[in-house]
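Trainee: I have a model open on my screen and would like to go through one part of it slowly with you. Could you take a close look with me?

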Amino acid sequence: MRSATPREAAILRGFAARVDAADADALNNLGVLLAQRGLMPEAAEALISARRLDPSLVVAQRNLEVVLAQGGALATRGDRLRDDAFAHPERREAWLALAR
């Protein structure tokens, strides 16, 4: 996975701003795209939003787990936060803390 250049990151962030915030599938796809370019906090935020909109969207949960693992966030503390976040998807701060 190659990280986005600053220019690419700006383009991706602009694209992210135009994604339909009411479309869980679109947010999931956005999260995957952002993660592929190394923008992990933004990817986690998109995936959290997808899960919040559609808690049954298992692929978004799995993608979020991958993003968090790739970001090195799944240590002991991260495991506790992840478990809490999956139990309560509305707790956005826990998800974002894991992505950092």
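In which helix is L30 found? Please start there and walk me through the surroundings.

Mentor: Happy to. One thing to keep in mind throughout is that this is a predicted model. L30 is found in helix α2, so let us make that helix our base, with a quick look at the whole chain before we zoom in.

The protein chain has six helices and zero strands. Read from the N terminus, its elements run α-α-α-α-α-α. The chain has 100 residues, and 38% of them count as buried. If you take the contacts between residues at least 6 apart in sequence, 50% of them join residues at least 24 apart.

Now to L30 itself. The relative accessible area of L30 is 5%, and because buried means under 20%, L30 counts as buried. Leaving aside residues up to four places away in sequence, L30 touches F15, A16, V19 and A46. Two of those names, F15 and A16, will come back when we look at how α1 meets α2.

Let us take that pairing next. The axes of α1 and α2 come within 11 Å and cross at roughly 175°. Angles over 145 degrees count as roughly antiparallel, so α1 is roughly antiparallel to α2. On the α1 side the contact is made by L12, F15 and A16, and on the α2 side by L30, L33 and L34. Sorted by type, the residues of this contact are six nonpolar, no polar and no charged.

Before moving along α2, have a look at the loop that leads into this helix. D23 lies in the loop between α1, which covers 6–18, and α2, which covers 24–36. D23 has a relative accessibility of 29%, and because the partly exposed class sits between 20% and 50%, that is where D23 falls. A polar atom of the D23 side chain lies 3.0 Å from the backbone nitrogen of A26. D23 also gives us a link to a residue further along the chain: D23 and L53 are 30 residues apart in sequence, while their C-alpha atoms are 7.7 Å apart in space.

L53 belongs to the next partner of α2, helix α3, which spans residues 40–53. α2 and α3 pack at an angle of about 160°, with their axes 8 Å apart. That angle makes α2 roughly antiparallel to α3. The crossing of α2 and α3 is left-handed. From α2, the residues that take part are A24, L27, N28, L30, G31, L34 and A35. They meet M40, E42, A43, A46, L47, S49, A50 and L53 in α3. By type, this contact divides into eleven nonpolar, three polar and one charged. Notice that L30 is listed here as well as in the contact between α1 and α2.

While we are at α3, try A44. A44 is found in helix α3, and L30 and A44 are 14 residues apart in sequence and 9.9 Å apart in space, C-alpha to C-alpha. A44 has 0% relative accessibility and so counts as buried. Not counting residues up to four places away in sequence, A44 touches L64, V67 and A99. From A44 to E65 the separation is 21 residues in sequence and 9.0 Å between C-alpha atoms.

V67 takes us to the third partner, helix α4, made of residues 58–70. The axes of α2 and α4 come within 10 Å and cross at roughly 20°. Angles under 35 degrees count as roughly parallel, so α2 and α4 are roughly parallel to each other. Their crossing is left-handed. N28, V32 and A35 of α2 make this contact with V59, A60, N63 and V67 of α4. The residues involved are five nonpolar, two polar and no charged.

N63 is a good place to finish. N63 is found in helix α4, and its relative accessible area of 19% means that N63 counts as buried, the cut-off being under 20%. Beyond residues up to four places away in sequence, N63 touches N28, V32 and L47. N28 and V32 are among the α2 residues of the contact with α4, and L47 is one of the α3 residues that α2 meets.

Technical notes:
Residues are numbered from 1 along each chain as its sequence is written. This is a predicted model: local features need pLDDT of at least 70, side-chain atom pairs count only at pLDDT 80 or more; totals for chains, interfaces and linings use all residues. Side-chain values use heavy atoms; hydrogens and water are left out. Helices (H or I, at least four residues) and strands (E, at least two) are DSSP runs, numbered from the N terminus. Buried means under 20% relative accessible area, exposed over 50%, partly exposed in between (1.4 Å probe, protein chains only). A polar contact is a pair of N or O atoms within 3.5 Å; within protein, one must be able to donate a hydrogen and the other to accept it, and residues adjacent in sequence count only if both atoms are side-chain atoms. Axes are lines fitted to C-alpha atoms, for helices over the stretch in contact, and angles run from 0 to 180 degrees between N-to-C directions. Angles under 35 degrees count as roughly parallel, over 145 as roughly antiparallel, 65 to 115 as roughly perpendicular and the rest as oblique. A crossing is left-handed if the near helix is turned anticlockwise from the far one by less than a right angle, and right-handed if clockwise. Contact means heavy atoms within 4.5 Å. Ala, Val, Leu, Ile, Met, Phe, Trp, Tyr, Cys and Pro count as nonpolar, Asp, Glu, Lys and Arg as charged, and the others, Gly among them, as polar.
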